[in-house]
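Student: I have not looked at this protein before. Could we go through it step by step, beginning with what lies around the ligand?

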Amino acid sequence: MMSLVTFTRNNALPLLRTSITVRIQLNSASLSSLVRLEEKQGYAVVAMHKPPVNSLSLEMIQALSESLSELEKNKCKGFILTSACPGIFSAGLDIREMYQPTEERLKEFWSSLQTLWLQLYGSKMASVALINGHAPAGGCLLAMCCDSRIMVNGKSKIGLNETKLGIVAPFWFKDTFVNTIGVRQSERALQLGSLFTPDEALKIGLVDRVLPDPEAATAVAESELKEFLQIPAMARYLSKMRIREAALKDLLENREKDLNTFVNFATTDAVQKGLGIYLQSLAKKN
Ligand SMILES: CC/C=C\C/C=C\C/C=C\C/C=C/C(=O)SCCNC(=O)CCNC(=O)[C@H](O)C(C)(C)COP(=O)(O)OP(=O)(O)OC[C@H]1O[C@@H](n2cnc3c(N)ncnc32)[C@H](O)[C@@H]1OP(=O)(O)O
(Lines give C-alpha, C1' and ligand atoms only; values in the text may rest on other atoms or scores of the structure.)
Protein backbone atom coordinates (compact mmCIF):
# COMPACT_ATOMS: atom_id res chain seq x y z
CA MET A 1 0.00 0.00 0.00
CA MET A 2 1.41 3.35 -1.00
CA SER A 3 0.76 6.13 1.44
CA LEU A 4 1.17 9.81 0.93
CA VAL A 5 1.84 12.50 3.45
CA THR A 6 2.38 16.19 3.07
CA PHE A 7 5.10 17.79 5.16
CA THR A 8 4.75 21.54 5.19
CA ARG A 9 8.07 22.95 6.26
CA ASN A 10 6.38 26.00 7.69
CA ASN A 11 4.66 23.84 10.27
CA ALA A 12 7.34 21.26 10.84
CA LEU A 13 10.43 23.42 10.89
CA PRO A 14 9.51 26.95 11.93
CA LEU A 15 13.07 28.21 11.72
CA LEU A 16 13.47 27.39 8.05
CA ARG A 17 12.63 30.44 5.96
CA THR A 18 10.88 28.49 3.26
CA SER A 19 7.36 27.48 2.59
CA ILE A 20 8.15 24.64 0.20
CA THR A 21 5.78 21.77 0.60
CA VAL A 22 7.65 18.49 0.72
CA ARG A 23 5.62 15.54 -0.37
CA ILE A 24 6.68 12.35 1.26
CA GLN A 25 5.79 8.95 -0.04
CA LEU A 26 6.50 6.12 2.30
CA ASN A 27 6.29 2.95 0.34
CA SER A 28 5.16 0.79 3.23
CA ALA A 29 4.26 -2.07 0.87
CA SER A 30 7.90 -2.90 0.27
CA LEU A 31 8.74 -2.69 3.96
CA SER A 32 8.66 -5.62 6.32
CA SER A 33 5.81 -5.94 8.80
CA LEU A 34 8.46 -6.15 11.55
CA VAL A 35 8.63 -2.37 11.60
CA ARG A 36 5.64 -0.05 11.53
CA LEU A 37 6.18 3.33 9.95
CA GLU A 38 3.71 6.03 10.83
CA GLU A 39 3.75 9.43 9.25
CA LYS A 40 3.13 12.44 11.45
CA GLN A 41 3.19 16.13 10.77
CA GLY A 42 6.85 16.79 10.01
CA TYR A 43 8.31 13.54 11.30
CA ALA A 44 7.82 9.77 11.37
CA VAL A 45 7.32 7.15 14.05
CA VAL A 46 9.31 3.94 13.61
CA ALA A 47 7.80 1.25 15.81
CA MET A 48 9.42 -2.17 16.15
CA HIS A 49 6.89 -4.97 16.03
CA LYS A 50 8.38 -8.42 16.45
CA PRO A 51 6.52 -10.03 19.37
CA PRO A 52 7.19 -11.10 21.98
CA VAL A 53 10.37 -9.09 22.65
CA ASN A 54 11.53 -7.31 19.45
CA SER A 55 14.69 -9.40 19.38
CA LEU A 56 17.04 -8.18 16.68
CA SER A 57 17.18 -11.07 14.25
CA LEU A 58 18.79 -10.65 10.82
CA GLU A 59 15.37 -9.90 9.33
CA MET A 60 14.54 -7.36 12.05
CA ILE A 61 17.87 -5.58 11.63
CA GLN A 62 17.39 -5.41 7.87
CA ALA A 63 13.81 -4.20 8.29
CA LEU A 64 15.02 -1.35 10.52
CA SER A 65 17.71 -0.44 7.99
CA GLU A 66 15.19 -0.44 5.14
CA SER A 67 12.83 1.74 7.15
CA LEU A 68 15.54 4.31 7.78
CA SER A 69 16.52 4.25 4.11
CA GLU A 70 12.89 4.80 3.16
CA LEU A 71 12.72 7.82 5.48
CA GLU A 72 15.99 9.20 4.11
CA LYS A 73 14.80 8.69 0.55
CA ASN A 74 11.73 10.73 1.38
CA LYS A 75 13.76 13.51 2.96
CA CYS A 76 12.17 12.95 6.34
CA LYS A 77 13.73 15.27 8.92
CA GLY A 78 13.23 13.27 12.07
CA PHE A 79 11.72 10.23 13.71
CA ILE A 80 10.75 8.67 17.00
CA LEU A 81 12.06 5.13 17.48
CA THR A 82 9.84 3.05 19.71
CA SER A 83 8.17 -0.33 20.13
CA ALA A 84 4.71 -1.60 19.28
CA CYS A 85 5.18 -4.51 21.73
CA PRO A 86 3.88 -3.60 25.20
CA GLY A 87 6.51 -3.57 27.96
CA ILE A 88 9.44 -4.19 25.61
CA PHE A 89 11.57 -1.73 23.68
CA SER A 90 13.91 -4.42 22.37
CA ALA A 91 15.49 -7.46 24.04
CA GLY A 92 18.63 -6.80 22.02
CA LEU A 93 20.29 -9.09 19.54
CA ASP A 94 18.43 -12.30 18.86
CA ILE A 95 20.58 -14.73 20.80
CA ARG A 96 19.44 -17.57 18.56
CA GLU A 97 21.30 -15.88 15.68
CA MET A 98 24.55 -16.35 17.59
CA TYR A 99 23.87 -19.82 19.00
CA GLN A 100 24.98 -22.73 16.80
CA PRO A 101 24.91 -20.57 13.67
CA THR A 102 26.05 -21.25 10.13
CA GLU A 103 29.06 -19.08 9.34
CA GLU A 104 27.33 -17.54 6.33
CA ARG A 105 24.28 -16.36 8.27
CA LEU A 106 26.36 -15.22 11.24
CA LYS A 107 28.43 -13.01 8.92
CA GLU A 108 25.36 -11.56 7.23
CA PHE A 109 23.78 -10.95 10.66
CA TRP A 110 26.80 -9.05 11.98
CA SER A 111 27.41 -7.13 8.79
CA SER A 112 23.75 -6.02 8.76
CA LEU A 113 24.07 -4.88 12.37
CA GLN A 114 27.18 -2.86 11.50
CA THR A 115 25.25 -1.23 8.65
CA LEU A 116 22.29 -0.40 10.89
CA TRP A 117 24.52 1.17 13.53
CA LEU A 118 26.43 3.26 10.96
CA GLN A 119 23.12 4.41 9.51
CA LEU A 120 21.43 5.19 12.82
CA TYR A 121 24.38 6.62 14.76
CA GLY A 122 25.42 8.75 11.77
CA SER A 123 21.93 9.76 10.72
CA LYS A 124 21.28 13.26 9.41
CA MET A 125 17.74 12.92 10.74
CA ALA A 126 16.97 14.02 14.28
CA SER A 127 15.78 11.14 16.42
CA VAL A 128 14.24 10.44 19.79
CA ALA A 129 14.05 7.00 21.40
CA LEU A 130 10.76 6.49 23.17
CA ILE A 131 11.81 3.63 25.43
CA ASN A 132 8.55 2.02 26.42
CA GLY A 133 9.96 -1.15 27.93
CA HIS A 134 13.07 -3.27 28.54
CA ALA A 135 16.14 -2.24 26.55
CA PRO A 136 19.08 -4.55 27.30
CA ALA A 137 22.25 -4.72 25.16
CA GLY A 138 21.34 -4.24 21.48
CA GLY A 139 18.10 -2.58 22.61
CA CYS A 140 20.10 -0.06 24.61
CA LEU A 141 22.41 0.43 21.62
CA LEU A 142 19.49 1.41 19.38
CA ALA A 143 18.27 3.89 21.99
CA MET A 144 21.76 5.39 22.44
CA CYS A 145 22.01 6.01 18.70
CA CYS A 146 19.14 8.48 18.95
CA ASP A 147 19.66 12.13 19.86
CA SER A 148 17.47 11.96 22.94
CA ARG A 149 16.02 9.20 25.14
CA ILE A 150 12.67 9.34 26.89
CA MET A 151 11.90 6.34 29.11
CA VAL A 152 8.62 5.21 30.62
CA ASN A 153 8.90 4.55 34.35
CA GLY A 154 8.19 1.06 35.66
CA LYS A 155 9.97 -2.27 35.96
CA SER A 156 11.88 -2.03 32.68
CA LYS A 157 15.65 -1.84 32.65
CA ILE A 158 18.24 -0.53 30.23
CA GLY A 159 21.96 -1.11 29.84
CA LEU A 160 24.69 -3.17 28.21
CA ASN A 161 24.49 -6.53 29.99
CA GLU A 162 26.70 -8.51 27.59
CA THR A 163 29.11 -9.79 30.24
CA LYS A 164 26.20 -11.51 31.97
CA LEU A 165 25.89 -13.67 28.84
CA GLY A 166 29.64 -14.35 28.81
CA ILE A 167 30.15 -12.09 25.79
CA VAL A 168 31.82 -8.73 25.33
CA ALA A 169 30.26 -5.54 23.98
CA PRO A 170 32.04 -4.78 20.68
CA PHE A 171 34.20 -1.64 20.57
CA TRP A 172 31.54 0.38 18.76
CA PHE A 173 28.89 -0.51 21.38
CA LYS A 174 31.44 0.65 23.96
CA ASP A 175 32.19 3.85 22.04
CA THR A 176 28.48 4.66 21.85
CA PHE A 177 28.15 4.00 25.59
CA VAL A 178 31.17 6.16 26.47
CA ASN A 179 29.86 8.99 24.27
CA THR A 180 26.56 8.77 26.13
CA ILE A 181 27.48 8.31 29.81
CA GLY A 182 31.23 8.93 29.99
CA VAL A 183 34.28 6.78 30.57
CA ARG A 184 34.06 5.97 34.28
CA GLN A 185 30.39 4.97 34.32
CA SER A 186 30.94 2.92 31.13
CA GLU A 187 33.96 1.07 32.49
CA ARG A 188 32.07 0.01 35.59
CA ALA A 189 28.75 -0.77 33.91
CA LEU A 190 30.37 -2.70 31.04
CA GLN A 191 32.26 -4.97 33.41
CA LEU A 192 29.29 -5.58 35.67
CA GLY A 193 26.83 -5.90 32.77
CA SER A 194 24.63 -3.47 34.66
CA LEU A 195 20.99 -3.01 33.81
CA PHE A 196 19.56 0.25 35.17
CA THR A 197 16.10 1.19 36.35
CA PRO A 198 14.70 4.29 34.63
CA ASP A 199 15.64 6.50 37.60
CA GLU A 200 19.16 5.07 37.76
CA ALA A 201 19.51 5.53 34.01
CA LEU A 202 18.41 9.14 34.39
CA LYS A 203 20.96 9.73 37.12
CA ILE A 204 23.91 8.56 34.97
CA GLY A 205 22.63 10.29 31.81
CA LEU A 206 21.75 7.11 29.95
CA VAL A 207 18.25 8.53 29.44
CA ASP A 208 17.24 12.18 29.35
CA ARG A 209 13.73 12.09 30.80
CA VAL A 210 11.63 9.57 32.74
CA LEU A 211 7.85 9.85 32.46
CA PRO A 212 5.23 8.03 34.52
CA ASP A 213 3.26 6.49 31.65
CA PRO A 214 3.42 5.87 27.88
CA GLU A 215 1.05 8.73 27.04
CA ALA A 216 3.09 11.32 28.92
CA ALA A 217 6.30 9.87 27.46
CA THR A 218 4.91 10.06 23.92
CA ALA A 219 3.95 13.70 24.36
CA VAL A 220 7.42 14.56 25.68
CA ALA A 221 9.12 12.56 22.91
CA GLU A 222 7.15 14.54 20.32
CA SER A 223 7.98 17.92 21.86
CA GLU A 224 11.63 16.88 22.30
CA LEU A 225 11.88 15.90 18.62
CA LYS A 226 10.27 19.18 17.57
CA GLU A 227 12.86 21.06 19.62
CA PHE A 228 15.66 19.28 17.73
CA LEU A 229 13.90 19.96 14.42
CA GLN A 230 13.77 23.67 15.10
CA ILE A 231 17.56 23.92 14.99
CA PRO A 232 19.01 24.56 11.51
CA ALA A 233 19.54 21.03 10.24
CA MET A 234 23.11 21.32 8.95
CA ALA A 235 24.40 23.00 12.12
CA ARG A 236 22.68 20.40 14.28
CA TYR A 237 24.00 17.46 12.26
CA LEU A 238 27.59 18.72 12.10
CA SER A 239 27.54 19.36 15.85
CA LYS A 240 26.37 15.79 16.45
CA MET A 241 29.15 14.54 14.18
CA ARG A 242 31.74 16.41 16.27
CA ILE A 243 30.96 13.87 19.00
CA ARG A 244 30.24 10.79 16.89
CA GLU A 245 32.53 10.91 13.87
CA ALA A 246 35.58 9.27 15.47
CA ALA A 247 33.55 6.21 16.49
CA LEU A 248 31.85 6.00 13.10
CA LYS A 249 35.19 6.28 11.30
CA ASP A 250 36.68 3.58 13.49
CA LEU A 251 34.08 1.03 12.49
CA LEU A 252 34.03 2.12 8.84
CA GLU A 253 37.78 1.55 8.65
CA ASN A 254 37.69 -1.72 10.57
CA ARG A 255 34.48 -3.40 9.43
CA GLU A 256 36.11 -6.54 8.08
CA LYS A 257 38.37 -6.93 11.10
CA ASP A 258 35.42 -6.44 13.47
CA LEU A 259 33.40 -9.02 11.52
CA ASN A 260 36.17 -11.60 11.78
CA THR A 261 36.74 -10.86 15.46
CA PHE A 262 33.04 -11.31 16.14
CA VAL A 263 32.74 -14.56 14.17
CA ASN A 264 35.86 -16.03 15.79
CA PHE A 265 34.77 -14.98 19.27
CA ALA A 266 31.11 -15.96 18.96
CA THR A 267 31.90 -19.44 17.67
CA THR A 268 34.35 -20.41 20.42
CA ASP A 269 33.22 -23.35 22.57
CA ALA A 270 33.15 -21.19 25.70
CA VAL A 271 30.85 -18.56 24.16
CA GLN A 272 28.59 -21.18 22.58
CA LYS A 273 28.29 -22.96 25.92
CA GLY A 274 27.48 -19.68 27.69
CA LEU A 275 24.84 -18.69 25.13
CA GLY A 276 23.24 -22.13 25.37
CA ILE A 277 22.98 -21.83 29.15
CA TYR A 278 21.57 -18.30 28.88
CA LEU A 279 18.93 -19.38 26.35
CA GLN A 280 17.95 -22.27 28.62
CA SER A 281 17.63 -19.91 31.58
CA LEU A 282 15.29 -17.67 29.55
CA ALA A 283 13.20 -20.67 28.50
CA LYS A 284 13.09 -22.11 32.05
CA LYS A 285 11.68 -18.86 33.34
CA ASN A 286 8.54 -19.63 31.39
C1 LIG B 1 36.19 -9.69 21.89
C2 LIG B 1 34.83 -9.17 21.51
C3 LIG B 1 34.58 -9.31 20.09
C4 LIG B 1 33.41 -9.33 19.53
C5 LIG B 1 32.12 -9.25 20.21
C6 LIG B 1 31.51 -10.56 20.34
C7 LIG B 1 30.35 -10.81 20.83
C8 LIG B 1 29.41 -9.79 21.28
C9 LIG B 1 28.22 -9.87 20.46
C10 LIG B 1 27.14 -9.18 20.58
C11 LIG B 1 26.75 -8.24 21.61
C12 LIG B 1 25.39 -8.68 22.12
C13 LIG B 1 24.36 -7.89 22.16
C14 LIG B 1 23.03 -8.37 22.58
O15 LIG B 1 22.07 -7.68 22.39
S16 LIG B 1 22.86 -9.92 23.31
C17 LIG B 1 21.19 -10.02 23.84
C18 LIG B 1 21.04 -9.51 25.24
N19 LIG B 1 19.68 -9.55 25.65
C20 LIG B 1 19.28 -10.02 26.82
O21 LIG B 1 20.06 -10.45 27.63
C22 LIG B 1 17.80 -10.01 27.10
C23 LIG B 1 17.28 -11.38 27.35
N24 LIG B 1 15.85 -11.33 27.58
C25 LIG B 1 15.32 -10.95 28.77
O26 LIG B 1 15.99 -10.61 29.71
C27 LIG B 1 13.84 -10.94 28.84
O28 LIG B 1 13.33 -11.69 27.78
C29 LIG B 1 13.22 -9.55 28.80
C30 LIG B 1 13.51 -8.81 30.12
C31 LIG B 1 13.73 -8.73 27.62
C32 LIG B 1 11.67 -9.69 28.65
O33 LIG B 1 11.18 -10.52 29.68
P34 LIG B 1 9.75 -11.20 29.51
O35 LIG B 1 9.49 -11.92 30.79
O36 LIG B 1 8.77 -10.21 29.06
O37 LIG B 1 9.91 -12.21 28.29
P38 LIG B 1 10.60 -13.64 28.34
O39 LIG B 1 9.59 -14.63 28.79
O40 LIG B 1 11.88 -13.60 29.04
O41 LIG B 1 10.92 -13.86 26.78
C42 LIG B 1 9.90 -14.19 25.85
C43 LIG B 1 10.50 -15.07 24.79
O44 LIG B 1 11.51 -14.32 24.08
C45 LIG B 1 12.75 -15.02 24.14
N46 LIG B 1 13.85 -14.05 24.19
C47 LIG B 1 14.01 -13.05 25.08
N48 LIG B 1 15.09 -12.33 24.78
C49 LIG B 1 15.61 -12.86 23.68
C50 LIG B 1 16.75 -12.53 22.88
N51 LIG B 1 17.55 -11.49 23.13
N52 LIG B 1 17.00 -13.29 21.82
C53 LIG B 1 16.21 -14.34 21.49
N54 LIG B 1 15.12 -14.70 22.22
C55 LIG B 1 14.83 -13.95 23.29
C56 LIG B 1 12.66 -15.85 25.41
O57 LIG B 1 13.56 -16.92 25.34
C58 LIG B 1 11.22 -16.29 25.37
O59 LIG B 1 11.13 -17.33 24.41
P60 LIG B 1 10.11 -18.54 24.64
O61 LIG B 1 10.50 -19.18 25.95
O62 LIG B 1 10.34 -19.42 23.47
O63 LIG B 1 8.75 -17.92 24.69
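Student: Which helices and which strand each supply at least two residues of the shell around the ligand?

Tutor: This is a predicted model, and what follows is computed from it. The strand in question is E8, residues 133–136. The helices are H3 (95–98), H11 (255–266) and H12 (269–285).

Student: Which element gives the largest share of the shell around the ligand?

Tutor: The shell has 29 residues, and the closest include Gly92, Ala137 and Leu282. Four residues of the shell come from one element, and that is the largest share. The element is H11.

Student: How many residues of the shell around the ligand are nonpolar?

Tutor: Sorted by class, the shell has four charged and seven polar residues. The nonpolar residues in the shell number 18.

Student: How are H6 and H10 oriented to each other, roughly parallel or roughly antiparallel?

Tutor: The axes of H6 (residues 171–181) and H10 (residues 233–253) come within 10 Å and cross at roughly 175 degrees. Angles over 145 degrees count as roughly antiparallel. H6 and H10 are therefore roughly antiparallel.

Student: Which residues of H6 meet H10?

Tutor: On the H10 side, the residues are Ile243, Arg244, Ala247, Asp250 and Leu251. The residues of this contact divide into four nonpolar, two polar and three charged. From H6 come Trp172, Asp175, Thr176 and Asn179.

Student: How much of the protein counts as buried?

Tutor: The protein has twelve helices and eleven strands. A residue is buried if 20 or more other C-beta atoms lie within 10 Å of its own. Of the 286 residues, the share that counts as buried is 41%.

Student: How many residues of H5 are buried?

Tutor: H5 covers residues 138–145 and is mostly covered. Its buried residues include Gly138, Cys140, Leu142 and Cys145. The count for H5 is eight of eight.

Student: Which helix gives the most to the largest nonpolar core?

Tutor: That core has 77 residues, and Phe79, Ile80, Ile131, Ala143 and Ile158 touch the most other members. The helix that gives the most to this core supplies seven residues. The helix is H4, residues 103–121.

Student: Which residue of H5 that is in contact with Ile158 also touches the most other members of the core, along with Ile158?

Tutor: Leaving aside neighbours within four places in sequence, Ile158 is in contact with residues including Ile131, Cys140, Ala143 and Leu195. Cys140 and Ala143 are both in H5. The one listed among the core members that touch the most others is Ala143.

Conventions:
Residues numbered from 1 in each chain as written. Predicted model: local features only at pLDDT ≥ 70, side-chain atom pairs only at ≥ 80, totals over all residues. Near = placed C-beta within 6 Å. Nonpolar A, V, L, I, M, F, W, Y, C, P; charged D, E, K, R; others polar. Axes fitted to C-alpha atoms, helices over the stretch in contact; angles between N-to-C directions. Parallel < 35°, antiparallel > 145°, perpendicular 65-115°, else oblique. Contact = placed C-beta atoms within 7 Å. Buried ≥ 20, exposed ≤ 12 C-beta atoms within 10 Å, placed from the backbone. Core = buried A, V, L, I, M, F, W, Y, C linked by C-beta atoms within 7 Å.
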